[in-house]
Amino acid sequence: VKVLDLMAVGQFIPPQLALVPSLIRIFDPFQLHCVLIDIWNFMKINVPGPSLYVATSDCSLVTRNFGHYKNYHGFCERLRVILVKNLDTTAVVFKKYFVDALQEEGDKNGQFNQ
């Protein structure tokens, strides 16, 4: 859990996968195994490097832009299904990180895109 927290704070993984440490209690062992494999596969393909981070104008904060959700949604799909299965306890998190992420992407383009 601590390693996942560090990966989330360091912005090595996208916001959706950064939820895993706080939601780990809802996973059964097989689900956790699958989500950890998704995180591993994301890290293999998207190796973090200094060129991926952007500093704010006053250089007080450095952030990583992961781009549109559609660029990495394949790595988040199993997590999304697990959250849907537990929607009675994860509805707020699901809306913020999965529904709103798609809506924000659609707002930028003037229409809803998937």
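The exercises below, each with a worked solution, concern a predicted model.

**Exercise 1. The nonpolar core**

Find how many residues the largest nonpolar core has, which of them have the most contacts inside it, and which element gives the most to it.

Solution. Begin with the core as a whole: the largest nonpolar core has 24 residues, and those with the most contacts inside it are Leu17, Ile39 and Phe42. Next, ask which elements supply it: two or more residues come from each of helix 1 (2-9), helix 2 (20-23), helix 3 (29-45), helix 4 (73-85) and helix 5 (87-109). Among these elements, helix 4 gives the most to this core, with 5 residues. Finally, look at one of the residues named at the start: when residues up to four places away in sequence are not counted, Leu17 touches Ile39, Phe42, Phe75, Cys76 and Leu79.

**Exercise 2. Two packed helices**

Determine whether helix 3 and helix 4 are roughly parallel or roughly antiparallel, give the handedness of their crossing, and say which residues make the contact.

Solution. Two packed helices are described by the angle between their axes and the distance between the axes. In this model, the axes of helix 3 and helix 4 come within 8 Å and cross at roughly 155 degrees. Because angles over 145 degrees count as roughly antiparallel, helix 3 is roughly antiparallel to helix 4. The handedness is a separate matter, and the crossing of helix 3 and helix 4 is left-handed. On the side of helix 3, the contact is made by Gln31, Cys34, Val35, Ile37, Asp38, Asn41, Phe42 and Ile45, while helix 4 contributes Phe75, Arg78, Leu79, Ile82 and Lys85. Sorting the residues of this contact by class gives 8 nonpolar, 2 polar and 3 charged residues.

**Exercise 3. The loop between helix 1 and helix 2**

For Gly10, Gln11 and Phe12, say where each lies and how exposed each is.

Solution. Start with the position: Gly10 lies in the loop between helix 1 and helix 2, Gln11 is found in that loop, and Phe12 has its place there as well. Then turn to accessibility, where partly exposed covers the range between under 20% (buried) and over 50% (exposed). Gly10 has a relative accessible area of 27% and is therefore partly exposed; Gln11, at 22%, counts as partly exposed; and Phe12, at 33%, counts as partly exposed too. A detail of the backbone deserves attention here, for Gln11 has a positive phi of about 55 degrees although it is not a glycine. As a last step, list the neighbours of Phe12: leaving out residues up to four places away in sequence, Phe12 touches Met7, Phe42, Met43, Pro48, Tyr53, Arg64 and Phe66.

**Exercise 4. The loop between helix 3 and strand 1**

Decide whether Ser51 is buried or exposed, and find what Asn46 touches.

Solution. Ser51 lies in the loop between helix 3 and strand 1 (53-55), and Asn46 lies in the loop between these elements. Since the cut-off for exposed is over 50%, Ser51 counts as exposed at 68% relative accessibility, whereas Asn46, with a relative accessible area of 24%, is partly exposed. Not counting residues up to four places away in sequence, Asn46 touches Arg64 and Phe75.

To complete the picture, set separation along the chain beside separation in space. Asn46 and Tyr72 are 26 residues apart in sequence, and their C-alpha atoms are 9.6 Å apart in space. For Ser51 and Phe12, which are 39 residues apart along the chain, the C-alpha atoms are separated by 13 Å. Phe12 and Val84, by their C-alpha atoms, are 25 Å apart in space and 72 residues apart in sequence.

Notes. Residues are numbered from 1 along each chain as its sequence is written. This is a predicted model: local features need pLDDT of at least 70, side-chain atom pairs count only at pLDDT 80 or more; totals for chains, interfaces and linings use all residues. Side-chain values use heavy atoms; hydrogens and water are left out. A nonpolar core is a set of buried Ala, Val, Leu, Ile, Met, Phe, Trp, Tyr and Cys residues joined through side-chain atoms within 4.5 Å. Buried means under 20% relative accessible area, exposed over 50%, partly exposed in between (1.4 Å probe, protein chains only). Helices (H or I, at least four residues) and strands (E, at least two) are DSSP runs, numbered from the N terminus. Contact means heavy atoms within 4.5 Å. Axes are lines fitted to C-alpha atoms, for helices over the stretch in contact, and angles run from 0 to 180 degrees between N-to-C directions. Angles under 35 degrees count as roughly parallel, over 145 as roughly antiparallel, 65 to 115 as roughly perpendicular and the rest as oblique. A crossing is left-handed if the near helix is turned anticlockwise from the far one by less than a right angle, and right-handed if clockwise. Ala, Val, Leu, Ile, Met, Phe, Trp, Tyr, Cys and Pro count as nonpolar, Asp, Glu, Lys and Arg as charged, and the others, Gly among them, as polar.
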